[in-house]
Amino acid sequence: MQVIILGSGSPLPDAHRAGPSTLVRCAAGDLLFDCGRGVLMRAAAAGSAAGALRALFLTHLHSDHTTDLNDIITMRWAMSFQPTPLTVFGPVGAASLVGATEAMLGTDIGYRLAHHDDLTWQPGTQVTEVEHGVVFEESGVRVTAAPTDHAPVHPTVGFRIEVGSQTVVIAGDTVPCAGLDELSEGADVLVHTVVRRDIIEQIGLPRLTDVLDYHSSVEDAARTAARNHVGTLLLTHLVPAPSPGSEEEWIALAAAHFDGEVVLAADLLTLEVGS
Ligand SMILES: [Zn+2]
């Protein structure tokens, strides 16, 4: 199993970091977790594409995690030679978001259907709203969801991907909580979104300090990893984006609370799991 960070950024546009998105490449195919800004550019660099996705999993419906859903729907459809509905798993509300996105694309869909004689079908999606338990099982790959805590954003979920004895967890945006502990126990890799509490407090802008109460800090993520016997903690969705040369600082903050391996995400960073 491979974990490829497609986007290590956050809502704040950054020249070097696409929006939150992680690709898990496994026997079931390419599983995409969240689809932030620039996801298909990074997918192309990773040798994937909208049409190559086996399924899309959404941790929650914040715009930075879903903004390029429309690009995935459009490209999967416009480049297809037969109907290939996109399989989507997400929290309650995901079906509404996907439906609204398809509706928003209606004008463009009409243009393309009118222009391409061999394109005779609409984009298709199959959305399953998930809360807790196994949501996907195929080719020896099992994906389990559990509720996380990103209040007042609700509901939100994290995902645990298991292939044999190898386990990867996608936390999404959350503060430490029981659902995340359940998902993370004994994981080889925990992909965790984080913010730097110390820097954000120092900046002191209310619009920024607001995010502290519903995100894990680097230290929170490290404590979650330690408490649940995780092998590697992969920090992503980095707020604010690390300034050049500060990467070791982030890792040291986590290492103070967690003895395992700590990795700071960059776009297209790839981890091999279990090899
Ligand atoms: Zn969020």
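Strand β9 (157-163) and strand β10 (residues 166-170) run antiparallel and are joined by five bridges. Within this pair, Ile-161 stands opposite Val-168 in β10. Strands here, like helices, are DSSP runs numbered from the N terminus (helices are H or I with at least four residues, strands E with at least two). Two strands pair if DSSP finds at least two bridges between them.

The structure is a predicted model, in which local features need pLDDT of at least 70 and side-chain atom pairs count only at pLDDT 80 or more, while totals for chains, interfaces and linings use all residues. Residues are numbered from 1 along each chain as its sequence is written.

**The sheet containing β9 and β10**

Seven strands, in the order β7-β8-β9-β10-β11-β12-β13, form an open sheet with mixed pairing. Strands β7 and β13 (261-264) are at the edges; each has a single partner strand, so one side of each is left without a neighbour in the sheet. On average, neighbouring strands of this sheet are turned by 20 degrees against each other, direction ignored. Such angles run from 0 to 180 degrees between N-to-C directions, and the axes are lines fitted to C-alpha atoms, for helices over the stretch in contact.

Helix α9 lies across β11 (189-195) and β12, at about 160 degrees to β12. Helix α10 (residues 247-255) also packs on the sheet, where it touches β12 and β13, and its direction makes about 145 degrees with that of β13. Contact between two residues requires that their C-beta atoms, placed from the backbone, lie within 7 Å.

**The sheet containing β2 and β3**

A further open sheet of seven strands has the order β6-β5-β4-β3-β2-β1-β14, again with mixed pairing. Its edge strands, β6 (125-129) and β14 (270-272), each pair on one side only. The twist from one strand to the next averages 20 degrees. Strands β2 (residues 21-26) and β3 (residues 29-33) run antiparallel and are joined by five bridges; Val-24 stands opposite Leu-31 in β3. Helix α4 (residues 94-104) lies across β5 (86-90) and β6, running at about 155 degrees to β6.

**Backbone features in the loops**

The loop between β8 (141-147) and β9 holds Pro-152, and Pro-155 is found in the loop between β8 and β9 as well. Each of these prolines follows a cis peptide bond, as tabulated below.

| Cis peptide bond | Omega |
|---|---|
| Ala-151 and Pro-152 | about 10 degrees |
| His-154 and Pro-155 | about 0 degrees |

Ser-139, in the loop between β7 (133-138) and β8, has a phi near 50 degrees, a positive value in a residue other than glycine. Ser-139 is exposed, with 11 other C-beta atoms within 10 Å. His-229, in the loop between α9 (218-227) and β12 (232-239), has a positive phi near 55 degrees and is likewise not a glycine. His-229 counts as exposed because 11 C-beta neighbours lie inside 10 Å (12 or fewer make a residue exposed, 20 or more buried, and values in between partly exposed; C-beta atoms are placed from the backbone).

**The chain as a whole**

The chain contains 10 helices and 14 strands. Of its 275 residues, 45% count as buried. Among contacts with a separation of 6 or more, 63% come from residues 24 or more positions apart. Along the principal axes, the C-alpha atoms fill a box of roughly 60 × 45 × 30 Å. The radius of gyration is 18 Å, which agrees with the value near 19 Å for a compact globule of 275 residues; this radius is taken over C-alpha atoms, and the globule rule is 2.2 Å times the number of residues to the power 0.38.
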